[in-house]
Amino acid sequence: MEIWLDTTDTKTIQLGHKLGILSGVTTNPSLISNSEQTLEDALSEILKVQSGPVTAQVTAPSHAEIIEQTETLREFSERIIVKIPVTQEGLQAMASLSHLQFTIMATAIFSTSQALFACRAGAKYLAPYFSRMDTPLDTLESILFILERYGFDTKMVVASLHDLGEVQDCLELGVDGVTLKKDLF
Ligand code: G3P
């Protein structure tokens, strides 16, 4: 199972990297805002202290603006994976961007149908929010079934985990990866 860190804290990220267990780093707009850095500064520091991919989330509402933001973010580094929420506008943007070979992490996933739509639109990663789902284990199991049964080339990295029991549940289900907040890591 891949271990990602859901933080902008470079000391924690550096530790994960040194231990040789880190697959990548996820960020989101609230983590960036809490870091009191600009998005560019936060991403540069994270890219410097580890060698894996780093996600940056778009904030634009329309598909045209999401595409523009994605292009700007990807110019920043080849290692940036752009996170796009699974809304109608987000899916439309994903469909265009995945045809242009952009690597997309579909985020804010709470349901099996959102996961299926994101896979169909070409996302390479799915980020379901464990603690925000009514029946997380059932939903994750259905998503895993879809990924395996229909052979999508898409990985599931579970976010919004709040305790080690939830991480253990993910491990036992066989998800591709988890992204851990600083304290949980
Ligand atoms: O990256 C998104 C994830 O961190 C959301 O977590 O705990 O706010 O549901 P939470």
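## A tour of the predicted model

Start by selecting Ile 67, which counts as buried because its relative accessibility is 16% (buried means under 20% relative accessible area, exposed over 50%, partly exposed in between, with a 1.4 Å probe and protein chains only). This is a predicted model, in which local features need pLDDT of at least 70 and side-chain atom pairs count only at pLDDT 80 or more, while totals for chains, interfaces and linings use all residues. Residues are numbered from 1 along each chain as its sequence is written, and side-chain values use heavy atoms, with hydrogens and water left out.

**Stop 1: Ile 67 and Val 58**

Keep Ile 67 selected and show the secondary structure: this residue lies in helix H4, residues 63-76. Helices (H or I, at least four residues) and strands (E, at least two) are DSSP runs, numbered from the N terminus. Add Asp 9 and draw a C-alpha to C-alpha distance: Ile 67 and Asp 9 are 28 Å apart in space and 58 residues apart in sequence.

Next, select Val 58, in the loop between E3 and H4. Is Val 58 buried or exposed? Its relative accessibility is 4%, so Val 58 counts as buried. Val 82 is 24 residues from Val 58 in sequence, and their C-alpha atoms are 7.0 Å apart.

**Stop 2: Gln 50**

Select Gln 50, found in the loop that runs between helix H3 (39-49) and strand E3 (54-57). Gln 50 is buried because its relative accessible area is 5%. Display its side chain together with the backbone of Ile 46: a polar atom of the Gln 50 side chain lies 3.4 Å from the backbone oxygen of Ile 46. The pair belongs to the polar contacts (N or O atoms within 3.5 Å; within protein, one must be able to donate a hydrogen and the other to accept it, and residues adjacent in sequence count only if both atoms are side-chain atoms).

**Stop 3: two positive phi angles**

Most residues other than glycine have a negative phi. Select Glu 36, which is not a glycine and has a positive phi of about 55°. Glu 36 is placed in the loop between helix H2 (29-35) and H3. With a relative accessible area of 75%, Glu 36 is exposed.

Then move to Gln 101, also not a glycine, with a positive phi of about 70°. The loop between H5 and strand E5 (104-109) holds Gln 101. Gln 101 counts as exposed, at 65% relative accessibility.

**Stop 4: Ala 95**

Go to helix H5 (residues 88-99) and pick Ala 95 within it. Ala 95 is partly exposed, since its relative accessible area is 28%. Add Ala 121: the C-alpha atoms of Ala 95 and Ala 121 are 4.6 Å apart, and the two residues are 26 apart in sequence.

**Stop 5: Asp 163**

Select Asp 163, in the loop between strand E7 (155-158) and helix H8 (164-173). Asp 163 counts as partly exposed, at 37% relative accessibility. Which backbone nitrogen lies 2.9 Å from a polar atom of the side chain of Asp 163? One is that of Gly 165. The backbone nitrogen of Glu 166 is likewise 2.9 Å from a polar atom of that side chain. Asp 163 also leads to the last stop: Lys 181 is 18 residues away in sequence and 9.8 Å away, C-alpha to C-alpha.

**Stop 6: the ligand**

Select the ligand and the residues with a heavy atom within 4 Å of it. The residues around the ligand are Asp 6, Asn 28, Lys 83, Tyr 129, Arg 132, Ser 160, His 162 and Lys 181. By class this shell has 4 charged, 3 polar and 1 nonpolar residues (Ala, Val, Leu, Ile, Met, Phe, Trp, Tyr, Cys and Pro count as nonpolar, Asp, Glu, Lys and Arg as charged, and the others, Gly among them, as polar).

Three side chains are worth labelling here:

- Ser 160: an N or O atom of its side chain is 2.5 Å from an oxygen atom of the ligand.
- Lys 181: a polar side-chain atom lies 3.0 Å from a ligand oxygen atom.
- Lys 83: a polar side-chain atom lies 3.4 Å from a ligand oxygen atom.

The ligand taken alone exposes 310 Å², of which the protein buries 84% (Shrake-Rupley method, 1.4 Å probe).
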